[in-house]
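Here are my notes on the model you asked me to look over, set out as numbered points. They go through helix packing, one buried loop residue and several backbone features.

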Amino acid sequence: MSVFDRETQVKPAQNNRFIKHDTKMLDFIYGTEKVQPFWVADMDFAVAQPITDELHRLVERGVYAYEFNSQGVYRALSHWYQHRHQLTLQADNFVMVPGVLSGLSLVLRELTETGDGVLIQTPAYHQFDKLIRAAGRTVVTNPLSRVDAEYQLDLADMERKIIEQNVKALLLCNPHNPTGRVWRRDELEAVVALAQKHDVWLVSDEVHSDIIYGDHRFTSVMALGYEKSIALLGSPAKTFGMHSISNGYIYTGHEAMLARFKSVVDGQYLGHGNAFTTFATIAAYEKGEEWLEDLLAYLDSTVSWIADFVAKQLPGVRMFKPEGTYQIWFDLSGLDLSDDALKALLIDAGVGLTPGGWFGQDFAEPGKSPNQYQRMNIATPRANIVAAFERLAAAVEARRIG
């Protein structure tokens, strides 16, 4: 049995307030709390033992005096990216922020002016839309195109909208949430060419960069030589399951903008972090690689199990096999149900997925509702996955014969 097959000692609604299991959230999303939640992108797995050991060390001291080691974090990150991704990063070019989304908000507010367009690829992580609008900028959508079973960047539409809608920043997500695409180097180079041609900033959310499957390879925008690039290199949240105890990290080689980011962060005391986050992050990046390799093997096996089950037992469901992330994107329109009937089916099966409408309204094929698409978080013990799909298959069969 894999360590990831073990249920953790913390159970839903016992000694925690995990948002995944929050009854108010479940009622809000599904109209019932009686679903197994696969909607939020965090993990049900215990973190790597070196992280827990480091947290224990801090607690057992019993003293919480001021303690900072941001340079230690930056050195650990730099070494990690060199070792894992052959990407050379300078420790002095990192900026620590409270989280990836707060960092992204800061970056967009510094790069653009009120009313400027910020372009995103839909389906897109729903918080992108929220923070762009909250900053007083204009959301410009660039729907991904479907070619056979693969999502691709629509470069012609991207360029047209850059020109016509006053786009000043391109916001990428790589690996892409929710489709699971890991953008190839040639695809990213084409985006860089457009950014250079029209003199726009390129911002890349790379928080899932370590969750990559098979022969796919992650390429950071920082490897492409475009000066006006900003990477949200993310945090240990997605890689190591440290969602509630992690910071975010901005990286850029643009000296003037780097100075501005540091000035804003220092002026508002946003980069202090705390000892738990600091030393747990260092432990994760310095001692957590073996745990990550085991996690990737486990998740890859889960993806294969789901693909096989869907092909054999759910012919009306189309799965987009992820190249990265621990999210899977499904097209359920082949079940030939209305949005309401599909929602009822999933609730009957007790399967709480993330509705496609959260990720935009303009990405679906003509005549198809975005809510016919659903995203599933698979970072959970296999037994939970198996039970959910067996219940879903039974619910589909009951509707077919009923």
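1. At what angle do helix α4 and helix α9 pack, and how far apart are their axes? In this predicted model, helix α4 (residues 100–111) packs against helix α9 (residues 255–267) at about 125°, and the two axes lie 11 Å apart. That angle makes α4 oblique to α9, and α4 passes α9 in a right-handed crossing.

2. The contact behind this pairing can be followed residue by residue. From α4 come Leu 106, Val 107, Glu 110 and Leu 111, which meet Met 257, Arg 260, Phe 261, Val 264 and Val 265 of α9. By residue class, the contact of α4 with α9 divides into 7 nonpolar and 2 charged residues, with no polar ones.

3. A second helix pair deserves a look alongside it. Helix α3 (residues 70–85) and helix α11 (residues 289–313) pack at an angle of about 45°, with 13 Å between their axes; this makes α3 oblique to α11, and their crossing is right-handed. On the α3 side the contact involves Trp 80, His 83 and Arg 84, which meet Glu 289, Leu 292, Glu 293 and Leu 296 in α11. The residues of this contact between α3 and α11 divide into 3 nonpolar, 1 polar and 3 charged.

4. Is Glu 206 buried or exposed? Glu 206 is found in the loop between β8 (201–205) and β9 (229–234), and because its relative accessibility is 0%, where the cut-off for burial is under 20%, Glu 206 counts as buried. Setting aside neighbours within four places in sequence, Glu 206 is in contact with Asn 174, Phe 218, Ser 220, Val 221, Ala 231, Leu 232 and Leu 233. Of these partners, Leu 233 is 27 residues away from Glu 206 in sequence, yet their C-alpha atoms are 5.0 Å apart in space.

5. Two cis peptide bonds should be checked in the backbone. One runs from Thr 122 to Pro 123, with omega near 5°, and Pro 123 has its place in the loop between β3 (117–120) and α5 (126–134). Another joins Asn 174 and Pro 175, with omega about -5°; Pro 175 is found in the loop between β7 (167–173) and α7 (185–198). Asn 174 also appears among the contacts of Glu 206 listed above, which links this point to the previous one.

6. Which residues other than glycine have a positive phi? One of them is Asn 166, with phi near 55°, placed in the loop between α6 (155–164) and β7; at 37% relative accessibility, Asn 166 counts as partly exposed. Another is Tyr 269, which has a positive phi of about 50° although it is not a glycine. Tyr 269 has its place in the loop between α9 and α10 (275–287) and is exposed, with a relative accessible area of 60%.

7. As for annotation, UniProt lists residues 75–384, in an unreviewed entry, as "domain: Aminotransferase class I/classII large". Over residues 75–384 the chain is 41% helix and 19% strand, and the C-alpha atoms at the two ends are 38 Å apart.

Methods: Residues numbered from 1 in each chain as written. Predicted model: local features only at pLDDT ≥ 70, side-chain atom pairs only at ≥ 80, totals over all residues. Heavy atoms only, no water. Axes fitted to C-alpha atoms, helices over the stretch in contact; angles between N-to-C directions. Helix = DSSP H or I, 4+ residues; strand = E, 2+ residues; numbered from the N terminus. Parallel < 35°, antiparallel > 145°, perpendicular 65-115°, else oblique. Left-handed = near helix turned anticlockwise from the far one by under 90°. Contact = heavy atoms within 4.5 Å. Nonpolar A, V, L, I, M, F, W, Y, C, P; charged D, E, K, R; others polar. UniProt positions renumbered as here; feature names shortened; annotations may be inferred. Buried < 20%, exposed > 50% of the residue type's maximum accessible area, 1.4 Å probe, protein only.
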